[in-house]
Amino acid sequence: MSPRSDDVRRYLRQNQELFGDELFLNLKSPNVLTSENQNTDLSSFEDEICDCQKCSLGSTRSEFVFGVGDPDASLLLVGEAPGAEEDKKGEPFVGRAGKLLDKILAAIDRSRKKDVYICNVMKCRPPNNRDPLRSEVEQCEPYLLHQIRLINPSLIVALGRVAGQTLLDVDKSLKSLRNTFHDYHGTPLMVTYHPAALLRNNDLKRPTWEDFKVIKEFLEKKN
């Protein structure tokens with residue numbers, strides 16, 4: 001079976017988890033299968049799924065962390081899962097790592113409210129910040145896929161090794177995932193360092209800035 005067939009099977013399984021068995025063809029985007037009863041805006045979608053209990057994380061979270069930013073953003077940043085601060089506030093990338101991310105975005109003339117949307121693969125914090133289990137990802141990733149369909153970004157950037165591995169469904173080092181445009185269900189995807197890693201290791205700031213210069217150039221060409 002070809003890798004493309006595997007992608008289609010994975011997509012249909014995720015779509016079924018989120019929307020059930022009924023599908024229809026969106027004639028405006030003939031290559032995309034969508035659910036007949038899907039939400040058409042992020043706010044309505046958040047209201048629908050914020051009480052999710054599909055996996056055990058629903059019973060241990062403090063807050064459901066849906067995402068924040070410009071609903072029409074060309075740049076979508078995706079982390080692994082909420083941390084302790086995010087779990088308290090219900091917003092992704094807060095605290096010291098979030099402040100650093102805001103500075104990086106300002107350097108490419110963007111912000112949380114300007115042409116950027118920020119979310120995580122997982123909407124709930126795994127206990128003790130452990131890596132998400134594959135079974136948990138399978139329950140939560142369809143939510144991310146629908147967010148992507150609603151936002152329709154030009155570029156997705158996975159922040160950190162685990163986010164990159166999870167989205168691309170590979171077991172590779174962050175170093176090997178960087179400096180390449182990957183494909184995530186038809187949208188270009190890059191992988192770079194998580195802001196928290198930069199706080200632990202100053203040497204990572206230079207390569208991260210190089211990545212974001214590429215991101216800026218890519219988006220400027222798209223516009």
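Biologist: Is helix 6 (residues 161-168) largely enclosed by the rest of the structure or open, and how many of its residues are buried?

Modeller: In this predicted model, the buried residues of helix 6 are V162, A163, G164, Q165, T166, L167 and L168. Helix 6 is therefore largely enclosed by the rest of the structure, and the buried count is 7 of the 8 residues.

Biologist: Which residue just after helix 6 takes a positive phi?

Modeller: Most residues other than glycine have a negative phi. Just after helix 6, a positive phi of about 55° is taken by D169.

Biologist: How many strands of strand 4 (75-79) and its neighbours form the open sheet, and in what order?

Modeller: Strands of a sheet pair through backbone hydrogen bonds, either parallel or antiparallel. Strand 4 runs parallel to strand 5 (residues 116-120), joined by 5 bridges, and pairs in the parallel sense with strand 6 over 4 bridges. Strand 6 and strand 8 are likewise parallel, over 4 bridges. The pairing of the open sheet is mixed, and its 6 strands take the order 3-5-4-6-8-7.

Biologist: Which strands are the edge strands of this sheet?

Modeller: The order of the open sheet is 3-5-4-6-8-7. An edge strand here pairs on one side only, and this holds for strand 3 and strand 7 (182-184).

Biologist: Which residue of strand 6 stands opposite L77?

Modeller: L77 belongs to strand 4, where it lies on one side with L75 and G79. Strand 4 pairs with strand 6 in the parallel sense. In that pairing, L77 stands opposite V157.

Biologist: Are the faces of strand 4 covered or open, and how many of its residues are buried?

Modeller: On one side L75, L77 and G79 are buried, and on the other L76 and V78 are buried, so both faces are covered. Strand 4 is thus largely enclosed by the rest of the structure, with a buried count of 5 of the 5 residues.

Biologist: What arc do the buried residues of helix 9 (residues 205-222) cover around the axis?

Modeller: An α-helix has 3.6 residues a turn, so residues three or four places apart point the same way. The buried residues of helix 9 are P207, T208, D211, F212, I215, F218 and L219. They lie on the same side of helix 9, because the arc they cover is only 140°.

Biologist: Which residues are exposed on the other side of helix 9, and what covers the buried ones?

Modeller: The cover over the buried residues of helix 9 includes strand 4, helix 4 (95-107), strand 6 (155-159), strand 8 (187-192) and helix 8 (195-200). On the other side of helix 9, the exposed residues are R206 and K221.

Biologist: What distance separates the end C-alpha atoms of helix 9, and what span is expected?

Modeller: Helix 9 has 18 residues, and at 1.5 Å a residue it should span 26 Å. The distance between its end C-alpha atoms agrees, at 26 Å.

Biologist: Which residues form one aromatic cluster?

Modeller: The count of aromatic pairs comes to 3. F45 and F66 form an edge-to-face pair, 5.9 Å centre to centre with 70° between the planes. This pair links distant parts of the chain, since F45 is in helix 2 (residues 42-49) and F66 is in the loop between helix 2 and strand 3 (68-69), 21 residues apart. The one aromatic cluster is formed by F45, F66 and Y143.

Biologist: Which residue has its charged end over the ring of F66?

Modeller: F66 is buried, as is F45. The charged end that sits over the ring of F66, 5.9 Å from its centre, is that of K123.

Biologist: How far apart in space are F64 and K123, C-alpha to C-alpha?

Modeller: F64 is placed in the loop between helix 2 and strand 3, and it is buried, with a relative accessible area of 10%. Among the residues that F64 touches are I49, C52, G90 and K123. F64 and K123 are 59 residues apart in sequence, while their C-alpha separation in space is 5.8 Å.

Biologist: Is D109 buried or exposed, and what is its relative accessibility?

Modeller: D109 is found in the loop between helix 4 and strand 5. Although D109 is not a glycine, its phi is positive, about 60°. D109 counts as exposed because its relative accessibility is 52%.

Terms used. Residues numbered from 1 in each chain as written. Predicted model: local features only at pLDDT ≥ 70, side-chain atom pairs only at ≥ 80, totals over all residues. Heavy atoms only, no water. Buried < 20%, exposed > 50% of the residue type's maximum accessible area, 1.4 Å probe, protein only. Helix = DSSP H or I, 4+ residues; strand = E, 2+ residues; numbered from the N terminus. Phe/Tyr/Trp six-rings, centres within 6.5 Å; stacked < 30°, edge-to-face > 60°. Lys NZ or Arg CZ within 6 Å of the ring centre and 35° of its normal. Contact = heavy atoms within 4.5 Å. Expected span 1.5 Å × (residues − 1). Arc of directions from axis to C-beta. Pairing = 2+ DSSP bridges.
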